[in-house]
Amino acid sequence: MSVPAPLQHPGPRAPDRFTALPCRAKPLTLRLAAGRPLDQAITEAFAVEGYGCGYLRLRDASFTLLAYVIPDRAPGDGRAAWYSETYRLAPARLHDAGLHLGRREGAPFLHCHGLWSGAAGGDAVEPRMGHLLMPESVLAEDTVAEGWGLSGAGFEVRPDAETGFDLFTPVAEAHVGEGQPALLCKLGPNEDPHALLARAASELPQARVEGIGSLIDTRFEDAMQESYATEVLLHDGRIERGAVQLEASSVGFDGVPGSGTLRPGANRTCITAELLIIAA
């Protein structure tokens with residue numbers, strides 16, 4: 001299985017192919033309130049614990065309404081990919097999702113990829129995957145979720161000259177609180193994620209990897225998802241003495257998810273990857 005060809009991006013290639021800032025990750029159990037826009041419920045739950053940045057895994061949650069988009073082809077303005085029209089499920093069941101809480105222009109901002117199923121126009125919809133639109137999505141019942149509150153570094157949306165997108169970028173913070181040693185990491189486009197993660201975590205003998213991102217034609221150990229822009233959710237990521245293993249799901253232009261172990265050395269990032277590496 002060959003490595004995919006790199007995509008053409010509108011801006012100059014950045015000299016640094018990844019950013020990894022040290023931080024602390026404190027495990028949290030958050031209670032998310034039903035009947036409110038999901039972004040508000042999550043932001044408020046983190047704030048109760050004293051955190052404005054973090055990562056959350058949301059599983060097995062019921063929604064009265066769930067809105068999402070999937071990857072789409074280049075929009076014709078030089079950027080390599082874009083987003084589809086908005087899809088809506090009502091009701092819906094979210095099976096697994098990962099999301100980063102950071103900041104945009106000083107206000108809370110979230111980025112989420114996940115898998116779900118539900119109903120559209122009265123018809124049942126098989127499991128789908130995409131980018132969750134949290135301001136439009138509403139939980140049907142109070143939900144408990146596990147995550148990490150971050151200190152010492154956080155994600156902030158900043159312009160990315162190479163891709164032409166505004167992307168989450170790790171930014172150092174003065175306050176370092178409780179928690180496990182960790183790295184907040186952004187990967188550049190057209191790069192081997194396994195290789196960059198091994199470099200980023202070279203001083204950690206063992207680590208857990210959580211996060212979301214995008215790949216070109218996602219290549220699993222036993223299958224390939226043919227779509228030059230796919231969105232990815234990590235289910236389980238491990239680094240042990242330089243060896244990186246990533247279990248993930250991804251979705252391309254057809255909206256149908258694929259899952260498995262990402263093949264080392266056979267994948268390239270599409271736009272970015274936003275990852276939390278936690279020392280084990």
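The following exercises, with worked solutions, treat the aromatic contacts, pockets and cavity of a predicted model.

**Exercise 1. Aromatic rings and charges**

Determine how many aromatic pairs the whole structure contains, which residues form one aromatic cluster, and which charged ends sit over rings.

*Solution.*
1. Searching the whole structure yields seven aromatic pairs.
2. One aromatic cluster is made up of Tyr-68, Tyr-87 and Trp-116.
3. A charge counts as over a ring if CZ of Arg is within 6 Å of the ring centre and within 35 degrees of the ring normal.
4. Arg-79 has its charged end over the ring of Phe-165, at 5.3 Å from the centre.
5. The charged end of Arg-104 lies over the ring of Phe-109, at 5.2 Å from the centre.

**Exercise 2. The largest pocket**

State the volume of the largest pocket, identify the residues closest to its centre, and establish which strand gives the most to its lining.

*Solution.*
1. The space in the largest pocket amounts to about 660 Å³.
2. Its lining comprises 33 residues, and Tyr-83, His-111, His-131, Phe-165 and Asp-166 are the closest to the centre. Phe-165 is also the residue whose ring lies under the charged end of Arg-79.
3. Elements that each supply at least two lining residues include β4 (82-83), β8 (123-132) and β12 (166-172).
4. With six residues, β7 gives the most to this lining.
5. Classifying the lining gives 19 nonpolar, eight polar and six charged residues.

**Exercise 3. The second largest pocket**

Describe the second largest pocket by its volume, its lining and the classes of its residues.

*Solution.*
1. The volume of space in the second largest pocket is about 240 Å³.
2. Of its 17 lining residues, Ala-14, Asp-16, Thr-19, Asp-160 and Lys-186 lie nearest the centre.
3. Two or more lining residues come from each of β1 (18-32) and β13 (180-187).
4. By class, this lining holds 10 nonpolar, two polar and five charged residues.

**Exercise 4. The cavity**

Find how many cavities of 30 Å³ or more the structure holds, then characterise the lining of the largest cavity.

*Solution.*
1. There is one cavity of 30 Å³ or more.
2. The largest cavity has a volume of about 110 Å³.
3. It is lined by 15 residues, the closest to its centre being Pro-193, Leu-215, Val-232, Leu-234 and Ala-273.
4. At least two lining residues come from each of α2 (193-200), β14, β15 and β18; β14 provides the largest share, five residues.
5. The classes are 11 nonpolar and four polar residues, with no charged residues.

Definitions and conventions:
Residues numbered from 1 in each chain as written. Predicted model: local features only at pLDDT ≥ 70, side-chain atom pairs only at ≥ 80, totals over all residues. Heavy atoms only, no water. Phe/Tyr/Trp six-rings, centres within 6.5 Å; stacked < 30°, edge-to-face > 60°. 1 Å grid on protein atoms, 1.4 Å probe; cavity = no way out; pocket = protein on both sides within 12 Å on 5 of 7 lines; lining within 4 Å. Points joined across faces, edges and corners; volume = space filled by probe spheres on them. Helix = DSSP H or I, 4+ residues; strand = E, 2+ residues; numbered from the N terminus. Nonpolar A, V, L, I, M, F, W, Y, C, P; charged D, E, K, R; others polar.
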